[in-house]
Amino acid sequence: MGVRIIGTGKAVPKKVLTNEMMSEILDTSDEWIYSRTGIKQRYISTGETNTKLCVDAAKDALKDSGLKGEDIDLIVVATITSDKLTPSTACLVQTEIGAKNSMAFDIVAACSGFVYALDIAVKFIKSNEYKNVLIIGGEVLSKILDWSDRKNAVLFGDGAGAAIVTNDESDYITSINCVSVGEKAHTLTCNSLEIKNLYKKHSDDFSNYLSMDGKEIFKFAIDVIEKSIEKILKEENLRFEDIDYIIPHQANSRMIDTIAKRKNYDRNKFYMNIERYGNTSSASIPIALDEMNKKNLLKDGMKIILIGFGGGLTYGSALVNWKK
Ligand code: COA
């Protein structure tokens, strides 16, 4: 029993926020943002909900796969910015796409969310009880950003990406590996609701904005991207030259420049679109995958490494042997 990706999709809000527009509201500049991160613009919700973006990405992926909502057996949405604490975004997507035969739930693994969801899909399919799984990474990060904090506000964007994973006689997704490093949890956090009740009053220092130690995350990311590539090459008995593309989580192009230089890897094999989207957390890998799929960059037989990393801290990687 094997597993294969048969469709991809994406959705972004209509509003584009460029670095120039950003520099009108914050003490920042296009030069600072672009030279430090590779970002030129990002999409920002003017009311599009996380559910709407996930539904649009899901419909796009269903169309690409040729399946209907009722063919889906499981929906997994990876998000840290769901519209509601309950119901899950996955249940809201289920209704909108008519996936009445599916189980649906959300997972929280921040920017590794899509690879975690892929791992779950692979394992459910290999249990032989599920055939078609819809996995989505969707975020409206703009609602957890402090728009007066230039350190974080410039880095992120909103969007959703999706993929349909199905069973196959051969295995097209291998060396999947997801890791959690809870001891570094404090380096990237965002509070949920405050405890506020009869016995506990509001405290002025409570914030539910995203907070991050950028330098620590930068070091962590470089370390786990390098480790993930090396692990896959070793497990699959491949050389870097055998890999066609790497789709890393789109957090910062300087991370990729550093790795390519340090390991002497061909920089062109790392697919980057952060310039246009910013960091969309769990959505970044499926948005990139969908772009590549729709641009016909992916040919049957190509070997693609996916690598997610982020809050938790978490990271995860997989080798996708592309076959459409
Ligand atoms: N515009 C202008 N100046 C800014 C700025 C902005 N948007 N944000 C920070 N600065 C200033 C700082 O205040 C600081 O000024 P000072 O030297 O006068 O104190 C200076 O720029 C350097 O800040 P620093 O935080 O040291 O920058 P950096 O080179 O570490 O880059 C990041 C910051 C966030 C771009 C970088 O650390 C990073 O990308 N980390 C990884 C973050 C990430 O990807 N997280 C998500 C992972 S899922």
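In this predicted model, 23 residues surround the ligand. Thr 28, Arg 150, Gly 214, Lys 215 and Asn 252 are the closest of them. By type, the shell around the ligand consists of ten nonpolar, seven polar and six charged residues.

Some of the polar atoms can be paired with atoms of the ligand. A polar side-chain atom of Lys 215 lies 2.5 Å from an oxygen atom of the ligand. For Arg 36, a polar side-chain atom is found 3.3 Å from a ligand oxygen atom. Gly 214 takes part through its backbone: a backbone N or O atom of this residue lies 2.9 Å from a nitrogen atom of the ligand. On its own, the ligand would expose 970 Å², and the protein buries 73% of that area.

Which elements give two or more residues to the shell around the ligand? They are the helices α2 (30-37), α6 (150-153), α7 (214-236) and α8 (253-263), together with β12 (303-310). The most comes from α7, which gives four residues to the shell.

The helix α7 also has a part in the largest nonpolar core, a group of 43 residues. Within this core, Ile 229, Ile 246, Phe 270 and Phe 309 touch the most other members. The elements α7, α8, β12 and β13 (314-321) each supply at least two of the core's residues, and α7 has the largest share, with ten. Ile 246 can serve as an example. Leaving out residues up to four places away in sequence, Ile 246 touches Ile 229, Phe 240, Lys 269, Phe 270, Tyr 271, Ile 305 and Ile 307.

A second core, separate from this one, has 34 residues, including Ala 109, Val 133, Ile 285 and Leu 298. Two of these names lead to further parts of the structure.

Take Ile 285 to begin with. Ile 285 is one of the buried residues of α10, a helix that spans residues 284-294. This helix is mostly covered, as ten of its eleven residues are buried. The buried ones also include polar and charged residues, among them Ser 284, Asp 290, Glu 291 and Asn 293. After α10 comes Asn 296, which has a positive phi, near 60 degrees.

The other name is Val 133, which is found in strand β6. Is Val 133 buried or exposed? Val 133 counts as buried because its relative accessible area is 0%, and the limit for buried is under 20%. Apart from residues up to four places away in sequence, Val 133 touches Leu 74, Ala 121, Ile 125, Ala 163, Ile 164 and Val 165. Val 133 and Thr 166 are 33 residues apart in sequence, but their C-alpha atoms are 6.3 Å apart in space.

Thr 166 appears again beside Asn 132, a residue in the loop between α5 (113-126) and β6 (133-139). The side chains of Asn 132 and Thr 166 make a polar contact of 2.6 Å. The Asn 132 side chain also reaches the backbone oxygen of Asp 71, at 3.0 Å. With 6% relative accessibility, Asn 132 counts as buried. Its neighbours within four places in sequence aside, Asn 132 is in contact with Leu 67, Asp 71, Ile 72, Asp 73, Leu 74, Val 165 and Thr 166. Leu 74 and Val 165 are also among the residues that Val 133 touches.

Technical notes
Residues are numbered from 1 along each chain as its sequence is written. This is a predicted model: local features need pLDDT of at least 70, side-chain atom pairs count only at pLDDT 80 or more; totals for chains, interfaces and linings use all residues. Side-chain values use heavy atoms; hydrogens and water are left out. A residue is near a molecule or strand if one of its heavy atoms lies within 4 Å of it. A polar contact is a pair of N or O atoms within 3.5 Å; within protein, one must be able to donate a hydrogen and the other to accept it, and residues adjacent in sequence count only if both atoms are side-chain atoms. Accessible areas come from the Shrake-Rupley method with a 1.4 Å probe; for residues, only the protein chains shown count as cover. Buried means under 20% relative accessible area, exposed over 50%, partly exposed in between (1.4 Å probe, protein chains only). A nonpolar core is a set of buried Ala, Val, Leu, Ile, Met, Phe, Trp, Tyr and Cys residues joined through side-chain atoms within 4.5 Å. Contact means heavy atoms within 4.5 Å.
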